[in-house]
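Biologist: I've got this one up on my screen and would like to talk it through. Mind if I fire some questions at you?

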Amino acid sequence: MKINLRIHYNTTLGQQICVCGSTKPLGNGDVSKAVKLMHLTHGHWTITFTVPANTKRLEYKYVFIDEQGNRTREWGDERTINVSEQNAPIIFSQDQWRSP
């Protein structure tokens, strides 16, 4: 199954938005292996990836990377998608950055 994540977050040149999650395509929870999102325009970021067929639940969190490579995870608990409850070839999730 494919999953498409989108988030709006304004950055400047050299900054990046990534996602880290509970499956191999998203680094198996290792922030150092977070996957970079593609910048579309005007602060909109996206990524589409495939999760293994046996995935029941996906947990993920967005990560901001500054110009020096410092990583800041967004605030709050991991986001979740109950993949096993979906009956579609692709799942879309439009998210907002969470901060304290």
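Biologist: Let's start with the cysteines. Which cysteine has the sulfur closest to that of Cys-18, and how far away is it?

Modeller: Bear in mind that this is a predicted model. A disulfide is a covalent bond between the sulfur atoms of two cysteines. The cut-off for calling one is 2.5 Å between sulfurs. For Cys-18 the gap is too far for a bond, because its closest cysteine sulfur belongs to Cys-20, at 9.4 Å.

Biologist: And how many disulfides turn up in the whole structure?

Modeller: Looking from the other side, Cys-20 has its closest cysteine sulfur in Cys-18, again too far for a bond at 9.4 Å. A search through the whole structure agrees with that picture, and the number of disulfides is zero.

Biologist: Is Cys-18 buried or exposed?

Modeller: The cut-off for buried is under 20% relative accessible area. Cys-20 comes in at 3%, so it counts as buried. Cys-18 has a relative accessible area of 1%, so the word for it is buried.

Biologist: Now the sheet. What is the order of the strands in the open sheet?

Modeller: The edges are β4 (38–41) and β9 (90–96), each of which pairs on one side only. Neighbouring strands are turned against each other by 25° on average, ignoring direction. The sheet has four strands with mixed pairing, and the order is β4-β5-β1-β9.

Biologist: Do β1 and β9 run parallel or antiparallel?

Modeller: One pair to look at is Ile-3, whose bridge partner in β9 is Ile-91. Strand β1 covers residues 2–8, and seven bridges join it to β9. The two strands run parallel.

Biologist: What about β1 and β5: parallel or antiparallel?

Modeller: Here you can pick out Arg-6, which has Thr-46 as its bridge partner in β5. Seven bridges hold β1 and β5 together, and the direction is antiparallel.

Biologist: Which residue in the hairpin of β4 and β5 takes a positive phi?

Modeller: β4 and β5 pair over three bridges in the antiparallel sense. One of the pairings puts Thr-41 opposite His-44 of β5. Two residues sit between the strands of this hairpin, and the one with a positive phi, near 50°, is His-42.

Biologist: Which backbone oxygen does the side chain of Thr-46 reach?

Modeller: Thr-46 is in strand β5 and, at 8% relative accessibility, counts as buried. Leaving out residues up to four places away in sequence, Thr-46 touches Asn-4, Leu-5, Arg-6, Leu-37, Met-38 and Leu-40. The side chain of Thr-46 comes to 3.1 Å from the backbone oxygen of Leu-5.

Biologist: On to the greasy part. Which element gives the largest share of the largest nonpolar core?

Modeller: In soluble globular proteins, nonpolar side chains tend to be buried together. In this model the largest such core has 19 residues, and Ile-3, Leu-5 and Tyr-62 touch the most other members. β1, β2 (16–21), β5 (44–50) and β6 (58–65) each give two or more residues. The largest share is four residues, from β6.

Biologist: How many residues are in the other core, the one with Cys-18 in it?

Modeller: That core lies apart from the largest one. Among its members are Cys-18, Cys-20, Val-31 and Val-63, and the count is six.

Biologist: Gln-16 caught my eye. Which residue's backbone oxygen lies 2.8 Å from its side chain?

Modeller: Gln-16 belongs to strand β2, and its 17% relative accessibility makes it buried. Beyond four places in sequence, the contacts of Gln-16 are Lys-36, Leu-37, Trp-45, Val-63, Phe-64 and Ile-65. A polar atom of the Gln-16 side chain lies 2.8 Å from the backbone oxygen of Leu-37.

Biologist: Last one. How far is the C-alpha atom of Asn-70 from that of Gln-15?

Modeller: Asn-70 is in the loop between β6 and β7 (71–73) and counts as partly exposed, at 44% relative accessibility. Not counting residues up to four places away in sequence, Asn-70 touches Phe-64 and Ile-65. Asn-70 and Gln-15 are 55 residues apart along the chain, and their C-alpha atoms are separated by 9.8 Å.

Conventions. Residues are numbered from 1 along each chain as its sequence is written. This is a predicted model: local features need pLDDT of at least 70, side-chain atom pairs count only at pLDDT 80 or more; totals for chains, interfaces and linings use all residues. Side-chain values use heavy atoms; hydrogens and water are left out. Two strands pair if DSSP finds at least two bridges between them. Axes are lines fitted to C-alpha atoms, for helices over the stretch in contact, and angles run from 0 to 180 degrees between N-to-C directions. Buried means under 20% relative accessible area, exposed over 50%, partly exposed in between (1.4 Å probe, protein chains only). A nonpolar core is a set of buried Ala, Val, Leu, Ile, Met, Phe, Trp, Tyr and Cys residues joined through side-chain atoms within 4.5 Å. A polar contact is a pair of N or O atoms within 3.5 Å; within protein, one must be able to donate a hydrogen and the other to accept it, and residues adjacent in sequence count only if both atoms are side-chain atoms. Contact means heavy atoms within 4.5 Å.
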